[in-house]
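Dear colleague,

Please find below the structure I promised to hand over. My findings follow directly after it.

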Amino acid sequence: NRIVRHEKEVACHPIIDPWSPPVTIQDDCWHMDPVMDGENYVFAGNNDWTEKGYVDVYSMWSGRKLASIGVCSLPYHMEYAPNRREVWVSCWLRPQEENMSNLTDAGTIEVISTQALGAIPTAVDTRGFDAHHHNDILVDISIPDQVYEFNMEDNILREVNANSKVLQHTVELQD
């Protein structure tokens, strides 16, 4: 085992900070909830409070950063599905001006194929773009064709078909 440290200049993208005075450039970011595929890659959500978030891909063997895959505005939690060779990314949509959702986000979940890192992630829209969602996902090899999403805003469990990447069912949970 070895530990690799990356300086901020390598890991972060310089951006115009939307929460600071106009035209403030910052290069601050943070990695969240890394997962690995157990074969070659480590995936970490790279957040910087802008309209576009990234999942950074690192070599499990050398620690070198291999790619930054553009995803939703705030990739919060990730789960690796080994049977599908996919990383499922839970997106926390952030409001833009006037408390509107970030319209650049294509879904509340984005799915990255670990076999095609250059491919555009598949967006899964479970609730539309009308709110600031704080969600989480459950991916488990024992239920290979289903992914479950739940959030802090309601008591509904959402079941996504892992093959089609489409919302299949919703189940209201009892308080």
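R85 is partly exposed, with a relative accessibility of 34%. The model is a predicted one, and the values given here were computed from it. The side chain of R85 forms a salt bridge with that of E39, at 3.1 Å from N to O. E39 is likewise classed as partly exposed, at 31% relative accessibility. R85 belongs to the loop between strand 7 (75-81) and strand 8 (86-91), and E39 to the loop between strand 3 (30-36) and strand 4 (41-47), so the salt bridge ties together parts that are 46 residues apart in sequence.

The loop between strand 3 and strand 4 also contains G38. G38 is exposed, its relative accessible area being 53%. Although 44 residues separate G38 from P82 in sequence, their C-alpha atoms are 8.6 Å apart in space.

In total, the structure has seven salt bridges. One of them joins R84 to D145, with 4.0 Å between N and O. R84 is in the loop between strand 7 and strand 8, while D145 is in the loop between strand 11 (135-139) and strand 12 (146-151); the pair thus links distant parts of the chain, 61 residues apart. Both residues are partly exposed: R84 has a relative accessible area of 23%, and D145 has one of 38%. R84 and D145 also belong to a network of salt bridges that includes E86 and K165.

A further salt bridge is formed by D56 and K65, whose closest N and O atoms are 3.7 Å apart. Here the acidic partner, D56, is buried, at 0% relative accessibility. K65 is partly exposed, at 21%; the value counts as partly exposed because the class of buried residues ends at 20%.

Which charged residue is buried yet has no salt bridge? This is E159, for which the nearest side chain of opposite charge, that of R158, is 12 Å away. E159 is part of strand 13 (residues 156-161). Apart from neighbours within four places in sequence, the contacts of E159 are Q146, V147, Y148, V166, L167, Q168 and H169. You may wish to look at this residue in the model.

Turning to the aromatic residues, a search of the whole structure yields one aromatic pair. The pair consists of Y41 and F43 in an edge-to-face arrangement, with 6.0 Å from centre to centre and 70 degrees between the planes. Both Y41 and F43 are buried.

Finally, how many disulfides does the structure hold? There is one disulfide, and C72 and C91 are the residues that it joins, with an S to S distance of 2.3 Å. The link of C72 and C91 is left-handed, with -85 degrees about the S-S bond. C72 lies in the loop between strand 6 (65-71) and strand 7, and C91 lies in strand 8, so the disulfide ties together parts that are 19 residues apart in sequence. C72 is buried, with a relative accessible area of 0%, and C91 is buried as well, at 0% relative accessibility.

With kind regards

Key: Residues numbered from 1 in each chain as written. Predicted model: local features only at pLDDT ≥ 70, side-chain atom pairs only at ≥ 80, totals over all residues. Heavy atoms only, no water. Helix = DSSP H or I, 4+ residues; strand = E, 2+ residues; numbered from the N terminus. Buried < 20%, exposed > 50% of the residue type's maximum accessible area, 1.4 Å probe, protein only. Lys, Arg positive; Asp, Glu negative; His and termini not counted. Contact = heavy atoms within 4.5 Å. Phe/Tyr/Trp six-rings, centres within 6.5 Å; stacked < 30°, edge-to-face > 60°. Disulfide = S-S within 2.5 Å.
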